[in-house]
Amino acid sequence: MRLSIRHTTNYTFSEPVVHALQRLRLTPKETQGQKILDWRMEYENADPELEYEDQHFNTTTLIAIEPGINEVTVTCRGTVQTEDSAGVIGRHSGHMPLWSFLGQTPLTKPGPKLRAFVRDLSANGGADQDSKLDYLHALSAKIRSEVAYRTGTTGVSTAAEEAVDAGEGVCQDHTHIFLSAARMADIPARYVSGYLMMNDRIDQDATHAWAEAHIDGLGWVGFDISNGISPDPRYVRVATGRDYRDAAPVTGISFGSSEQVLTVKVAVEQQHQQ
């Protein structure tokens with residue numbers, strides 16, 4: 001499937017910026033079942049300073065915001081060719097060892113609510129591939145059933161334990177809960193940020209998040225908890241990490257502005273080849 005993507009991020013500052021740097025993870029990965037045909041990034045009131053691959057093989061761009069401005073816009077656009085691999089990415093690669101995806105982070109650290117949440121799931125921590133897959137599918141279904149998808153109730157700093165306690169959240173929260181429980185079952189798991197083409201519209205609400213778990217004999221396998229499916233050709237992987245903070249599309253610091261408003265517009269549509 002050939003997907004055309006346009007992603008616009010706009011920052012409006014309440015006061016002129018004295019100094020600001022932004023770290024962008026907005027370039028899709030070249031990976032199993034995914035090929036980047038073209039991709040470019042455009043900046044208004046900002047200049048690219050450096051591009052590098054981070055520890056998770058995420059293409060990372062550092063930009064400097066021009067002093068004295070009140071608004072910055074970053075526009076990404078391009079075309080990605082995807083194939084159906086039934087959610088299987090394959091062998092592990094990257095600078096981070098596989099065991100690092102067993103460790104909890106502040107956003108995934110389980111507390112009493114999360115431990116109780118997974119208590120009735122039969123986690124088979126042995127080497128049996130089918131048992132691990134059964135556990136992960138059951139975990140995904142339980143999260144989707146008992147943690148309602150509801151926007152505006154959580155934020156980027158909401159931890160998995162808090163989302164379970166509230167019983168609601170968005171794809172980011174579903175993913176953090178899944179990561180926490182998978183790691184408790186001794187299954188390496190990581191966070192994925194990217195794009196999803198919805199069948200009923202071109203303009204999307206935002207970027208999307210899902211999880212990948214590492215299964216012996218298969219490698220990394222994807223789970224979109226919020227939609228209850230494995231990623232298919234409608235998905236584009238952009239960044240991965242141990243949690244949202246490792247894969248966040250935009251992070252940074254600024255001085256000289258008391259408030260900022262972020263607006264994101266994402267459009268994904270299929271291109272029909274002639």
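Start with the enclosed spaces of this predicted model: a search of the whole structure finds three cavities of 30 Å³ or more. The largest cavity has a volume of about 160 Å³, and to find it in the viewer you can select Ser85, Ile89, Pro231, Asp232 and Arg237, which are the closest to its centre among the 17 residues that line it. If you then colour by secondary structure, the elements that give two or more residues to this lining are β7, β12 and β14. Sorted by class, the lining of the largest cavity holds six nonpolar, seven polar and four charged residues.

**The sheet with β7, β12 and β14**

Next, select the strands β7, β13, β12, β10 and β14, which in that order form an open sheet of five strands with antiparallel pairing. At its edges you will find β7 (88-90) and β14 (235-241), each of which pairs on one side only. Looking along the sheet, neighbouring strands are turned by 35° against each other on average, with direction ignored.

Within this sheet, keep β10 and β12 on screen, since this antiparallel pair is a good place to follow single residues; six bridges join the two strands. One position to label is glycine 194, which stands opposite histidine 208 in β12. Now add helix α2 (residues 129-146), which lies across β12 and β13 (219-223) and runs at about 160° to β12.

**The largest pocket**

From histidine 208, move on to the largest pocket, because His208 is listed with Val170, Cys171, Ala206 and Thr207 as lying nearest the centre of a pocket lined by 32 residues. The volume of this largest pocket is about 830 Å³. The elements that give two or more residues to its lining are β1 (2-13), α4 (171-184), β10 (189-196), β12 (208-215) and β16 (260-271). By class, the lining of the largest pocket has 15 nonpolar, 14 polar and three charged residues.

**Two residues of helix α4**

Stay with helix α4 and select glutamine 172, which is found in this helix. Is glutamine 172 buried or exposed? Glutamine 172 has a relative accessible area of 9%, and it is therefore buried, the cut-off for that word being under 20%. Leaving aside neighbours within four places in sequence, you can show its contacts with Gly155, Val156, Tyr191, Ala209 and Tyr244. For a distance to draw in the viewer, take glutamine 172 and alanine 159, which are 13 residues apart in sequence and 9.6 Å apart in space, C-alpha to C-alpha.

Then select histidine 174, which also lies in helix α4. At 1% relative accessibility, histidine 174 counts as buried. Which residues does histidine 174 touch, not counting those up to four places away in sequence? They are Ile143, Val147, Ala148, Tyr149, Ile225 and Ser226.

**The sheet with β1 and β16**

Two strands from the pocket lining, β1 and β16, lead to another part of the fold. Select β3, β6, β1, β16 and β11, which in that order make an open sheet of five strands with antiparallel pairing. The edges are β3 (34-44) and β11 (203-204); each has a single partner strand, so one side of each is left without a neighbour in the sheet.

To walk across this sheet, begin at β3, which pairs with strand β6 (residues 71-82) in the antiparallel sense over ten bridges. Here you can label lysine 35, whose bridge partner in β6 is glutamine 81. Further along, β1 and β16 run antiparallel and are joined by twelve bridges, and in this region histidine 7 has valine 266 in β16 as its bridge partner. The walk ends at β11, which pairs with β16 in the antiparallel sense over two bridges, and there aspartate 203 stands opposite alanine 267 in β16.

**The second largest pocket**

For the last stop, select Lys29, Glu30, Thr31, Phe57 and Ser93, which among 24 lining residues are the closest to the centre of the second largest pocket. About 390 Å³ of space lies in this pocket. Its lining, sorted by class, has seven nonpolar, eleven polar and six charged residues.

Note on methods: Residues are numbered from 1 along each chain as its sequence is written. This is a predicted model: local features need pLDDT of at least 70, side-chain atom pairs count only at pLDDT 80 or more; totals for chains, interfaces and linings use all residues. Side-chain values use heavy atoms; hydrogens and water are left out. On a 1 Å grid over the protein atoms alone, a cavity is a set of points where a 1.4 Å probe fits but cannot get out, and a pocket is an open set with protein on both sides within 12 Å along at least five of seven lines; lining residues have an atom within 4 Å of a point. Grid points are joined across faces, edges and corners, and a volume is the space filled by probe spheres set on the points. Helices (H or I, at least four residues) and strands (E, at least two) are DSSP runs, numbered from the N terminus. Ala, Val, Leu, Ile, Met, Phe, Trp, Tyr, Cys and Pro count as nonpolar, Asp, Glu, Lys and Arg as charged, and the others, Gly among them, as polar. Two strands pair if DSSP finds at least two bridges between them. Axes are lines fitted to C-alpha atoms, for helices over the stretch in contact, and angles run from 0 to 180 degrees between N-to-C directions. Contact means heavy atoms within 4.5 Å. Buried means under 20% relative accessible area, exposed over 50%, partly exposed in between (1.4 Å probe, protein chains only).
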